[in-house]
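Work through the following exercises with the sequence and the model open beside you. Try each task before you read its solution.

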Amino acid sequence: MAEKIIYAISDSLGETAEAVARATASQYDKEQIEIVRIPYIDSESQIDEIVDDAKRGHHVICHTIVSESLRKYLHEKVAEYKIPAVDIMGPVLDAVGTVATTKPRMTAGMVHKLDQEYFKKVEAIEFAVKYDDGKNPSGFEKADVVIIGVSRTSKTPLSMFLAYKKIKAANLPLVPEVPLPEELFKIPAKKIVGLIIDPFKLNNIRSERLRAIGLEDEANYASIERIQAELEYAKAIMRRLHCQVLDVSNKSIEETASLVMQLIDKNRASEGK
């Protein structure tokens with residue numbers, strides 16, 4: 001089966017077009033569909049090249065081009081060659097224009113103005129990925145917060161949520177059989193947050209996880225005895241560290257993140273930052 005391409009093009013970063021293209025392609029899991037993002041389109045010649053390739057390979061174009069002249073040119077070209085194309089932003093702009101009292105800016109990249117706050121968010125996201133799951137403890141010293149807890153206490157989702165709030169979060173799973181990195185004991189206790197959870201709730205979470213990947217519920221990972229042993233080990237480590245402990249049994253990621261951010265704000269205030 002020939003591979004098909006969705007060209008996600010934009011006169012800005014193209015993240016929105018790519019996200020829509022990927023969401024669409026995921027609905028065709030038996031097809032080979034490649035997403036090619038082409039950002040910063042600023043000339044008709046670039047559009048010509050994309051259109052020519054789409055025409056030859058019977059590919060699809062989706063775009064978030066804001067420039068009126070480039071949008072018009074692209075619409076004319078895809079119509080001329082009967083290329084399947086979707087203008088993601090145009091219809092929404094038109095719809096809002098019927099009720100808005102002002103004209104749109106028609107300026108590319110307004111969603112992602114590359115200001116200082118945007119860079120901080122990107123940096124925090126990259127940090128969370130790099131220092132996820134304890135794979136690089138050297139990042140603990142540079143983190144705003146280090147999250148510890150047993151497996152499936154939502155350490156990674158919490159780290160990513162905090163990253164979108166421009167907070168650099170590293171996390172470490174606590175496993176009795178795995179030695180703790182020495183870096184954990186070199187950072188201030190106030191910078192560490194331990195997550196605990198009701199053992200029976202964790203049993204349900206782990207059992208669901210095992211079923212999702214085709215393993216038996218009876219696996220040691222999900223046994224209540226194993227979970228209770230892990231939690232006792234984790235609590236002992238947290239007492240040893242004298243860190244803040246949060247029970248996430250009945251909390252959403254957002255609720256837990258709010259508590260962590262309050263703790264970080266308190267720490268920053270005490271340091272005069």
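Two strands count as paired if DSSP finds at least two bridges between them, and helices (H or I, at least four residues) and strands (E, at least two) are DSSP runs that are numbered from the N terminus. The model is a predicted one, in which local features need pLDDT of at least 70 and side-chain atom pairs count only at pLDDT 80 or more, while totals for chains, interfaces and linings use all residues. Residues are numbered from 1 along each chain as its sequence is written, and side-chain values use heavy atoms, with hydrogens and water left out.

**Exercise 1. Determine the strand order of the sheet that contains E1, and find its edge strands.**

Solution. Begin with the order, which reads E2-E1-E3-E4 in an open sheet of four strands with parallel pairing. Next look at the two ends: strand E2 (33–38) and strand E4 (85–87) are the edge strands, since each of them pairs on one side only. Finally, the twist from one strand to the next averages 15°, where axes are lines fitted to C-alpha atoms, for helices over the stretch in contact, and angles run from 0 to 180 degrees between N-to-C directions.

**Exercise 2. Trace the bridge partners across E1, E3 and E4.**

Solution. As background, strands of a sheet pair through backbone hydrogen bonds, either parallel or antiparallel. Strand E1 (residues 4–9) is joined to strand E3 (residues 60–63) by four bridges in the parallel sense. Within this pair, Tyr7 has Ile61 of E3 as its bridge partner, and Ile9 has His63. Continue from His63 into E4, where Asp87 stands opposite; E3 and E4 are parallel too, with three bridges. Helix H3 (residues 68–80) packs on this sheet and touches E1, E3 and E4, and its direction makes about 165° with that of E3; contact here means heavy atoms within 4.5 Å.

**Exercise 3. Describe the sheet that contains E5 in the same steps.**

Solution. The order is E6-E5-E7-E8, again an open sheet of four strands with parallel pairing. Its edge strands are E6 (169–173) and E8 (244–247), each pairing on one side only, and the twist averages 25° from one strand to the next. Strand E5 (residues 145–149) pairs with E6 over five bridges in the parallel sense, and Val146 stands opposite Ala170 of E6. Helix H9 (residues 253–270) packs on the sheet, touching E5, strand E7 (192–196) and E8, and its direction makes about 165° with that of E8.

**Exercise 4. Explain how Glu18 and Arg22 are placed relative to each other in H1.**

Solution. First, their side chains meet in a salt bridge, at 3.1 Å from N to O; the term requires a side-chain nitrogen of Lys or Arg within 4 Å of a carboxyl oxygen of Asp or Glu. Then count along helix H1 (residues 15–25): the two are four residues apart, so about one helical turn separates them. A search of the whole structure finds 15 salt bridges.

**Exercise 5. Decide whether the chain is spread out or a compact globule.**

Solution. The chain has nine helices and eight strands. Its radius of gyration (taken over C-alpha atoms) is compared with the globule rule, 2.2 Å times the number of residues to the power 0.38. The radius is 24 Å, well over the 19 Å that the rule gives for 273 residues, so the chain is more spread out than a compact globule. Along its principal axes, the C-alpha trace spans about 70 × 50 × 35 Å.
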